[in-house]
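Subject: Structure handover

Hello,

Here is the structure you were expecting. Please open it alongside this note, and my findings follow below.

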Amino acid sequence: MALAIDILSWISFVTGAFFLFVGSLGMVRLRDFWARLHAASIIDSAGAGLILLGMALQTGFTLITVKTLLIVGFLMLTGPTASHAVANAAFASGSRPCDLVHDETSVEDAPTAKPKSKRAKSPPAKIRTRKATR
Amino acid sequence: MFVFITLVILVCMVVLMIRLFAGPTLYDRVLALNTFGTCTVLLIGALGLLSGRPEFLDIALLYALINFVGTIAVLKFFRYRRLGDAPEDEEMIMAQPDKIREQT
């Protein structure tokens, strides 16, 4: 029984360590804020959840296990909320993904077409557009 | 076992430090700080189990709470430039141009 618990917690530790490493590597290597959000979310949910699950298996089903699972539940609640708050603040400040393509050949954005709504008249000022080449 | 996981968390925190110092915008730094706080929670728990003092998990739970509230507070401060009540009409309209101007 103890061996089975050890094996299970080793599996979740190694998987969690893999996700932690991949997430931290992605925080450095990815080139855009909106791409780095994915890496941060991997660390917040998968890495932390799996490592704390392995710790909960190791503590031997006492009150400490309950505390560890409480931390897991709390991180599962607050991690996505914090990521959404950061993304919302960045979006409100005018940042947009760097690969966002403004397709000038589509019908809706043709210069002769009349804008359909009020919103089309005044697009957000700071969108960085790149001309579609095809 | 806990030595392994502690070393992995330390390596992860060192790599996150790079983004924390080199992030080109504010939001990169806030995101890296939030993730760094999550890694700190894991590190406190792992150190507590490593040294045989599981009371550290209480501190880890408290740190998770403070980390979340701190992230929201930093974002709110940099959006509204104050930490108290959210500002009234004028500044809200300046902050969210698309949504509110359509309604009024």
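Start where the two chains meet. In this predicted model, 40 residues of chain A are in contact with 38 residues of chain B. On the chain A side, the elements that give two or more residues are H1, H2, H3 and helix H4 (118–121). H3(A) gives the most, with 15 residues. By class, the side of chain A that touches chain B has 28 nonpolar, seven polar and five charged residues.

How far to trust it? The predictor gives the complex an ipTM of 0.79 and a pTM of 0.78. Chain A averages a pLDDT of 82, and 78% of its residues score at least 70. Chain B averages 84, with 82% of the residues at 70 or above. Within chain A, H1(A) has the highest mean pLDDT of the elements, 93. H4(A) has the lowest, at 48. Keep that value in mind when you look at H4(A) in the contact between the chains.

The core

Which residues touch the most other members of the largest nonpolar core? They are A:Ile51, A:Ile71, A:Val86 and B:Ile9, in a core of 49 residues. Both chains contribute. Helix H1 (2–29), helix H2 (33–58) and helix H3 (63–92) of chain A each supply at least two residues of this core. So do helix H1 (2–22), helix H2 (26–50) and helix H3 (56–80) of chain B. As a general point, nonpolar side chains tend to be buried together in soluble globular proteins.

Look at A:Ile51 in particular. Leaving aside residues up to four places away in sequence, A:Ile51 touches A:Phe13 and A:Gly16 in its own chain. From chain B, B:Ile5 and B:Leu42 touch A:Ile51.

Two buried residues in chain A

Next, A:Ile43. You will find it in helix H2 of chain A. Is A:Ile43 buried or exposed? It counts as buried, because 27 C-beta neighbours lie inside 10 Å; the cut-off for buried is 20 or more. Contacts up to four places away in sequence are again left out. A:Ile43 then touches A:Leu20, A:Gly23, A:Ser24 and A:Ala48 in chain A, plus B:Thr35 and B:Thr38 in chain B. A:Ile43 and A:Gly16 are 27 residues apart in sequence, yet their C-alpha atoms are 8.7 Å apart in space.

One of those contacts, A:Gly23, deserves its own look. A:Gly23 sits in helix H1 of chain A. It is buried, because 27 other C-beta atoms lie within 10 Å. Beyond four places in sequence, A:Gly23 touches A:Ala39, A:Ala40, A:Ile42, A:Ile43 and A:Gly47. Its C-alpha atom is 9.9 Å from that of A:Leu37, which is 14 residues away along the chain.

An exposed loop residue

A:Phe61 is another case. This residue lies in the loop between H2 and H3 of chain A. It counts as exposed, because it has 10 C-beta neighbours inside 10 Å; the cut-off for exposed is 12 or fewer. The phi of A:Phe61 is positive, near 55°, and the residue is not a glycine. Most residues other than glycine have a negative phi.

The third helix of each chain

How far apart are the end C-alpha atoms of H3(A)? They are 43 Å apart. That agrees with expectation, because 30 residues at 1.5 Å a residue should span 44 Å. Just after H3(A), A:Gly94 takes a positive phi of about 100°.

H3(B) has 25 residues. From its first C-alpha to its last, H3(B) reaches 36 Å, close to the 36 Å expected at 1.5 Å a residue. Its buried residues are B:Leu57, B:Ala60, B:Ala64, B:Asn67, B:Phe68, B:Thr71 and B:Leu75. What covers them includes H3 of chain A together with H2 of chain B. B:Arg81 follows H3(B), and its phi is positive, near 60°.

Chain B overall

Chain B has five helices and zero strands. Along the sequence the pattern reads α-α-α-α-α. Of its 104 residues, 31% count as buried. Take the contacts in chain B between residues at least 6 apart in sequence: 36% of them join residues at least 24 apart.

Best wishes

How values were computed
Residues are numbered from 1 along each chain as its sequence is written. Chains are lettered from A and ligands numbered from 1 in the order in which they are written. This is a predicted model: local features need pLDDT of at least 70, side-chain atom pairs count only at pLDDT 80 or more; totals for chains, interfaces and linings use all residues. A nonpolar core is a set of buried Ala, Val, Leu, Ile, Met, Phe, Trp, Tyr and Cys residues joined through C-beta atoms within 7 Å. Helices (H or I, at least four residues) and strands (E, at least two) are DSSP runs, numbered from the N terminus. Two residues are in contact if their C-beta atoms, placed from the backbone, lie within 7 Å. pLDDT is the predictor's confidence in each residue, from 0 to 100. Ala, Val, Leu, Ile, Met, Phe, Trp, Tyr, Cys and Pro count as nonpolar, Asp, Glu, Lys and Arg as charged, and the others, Gly among them, as polar. The expected span of a helix is 1.5 Å times one less than its number of residues.
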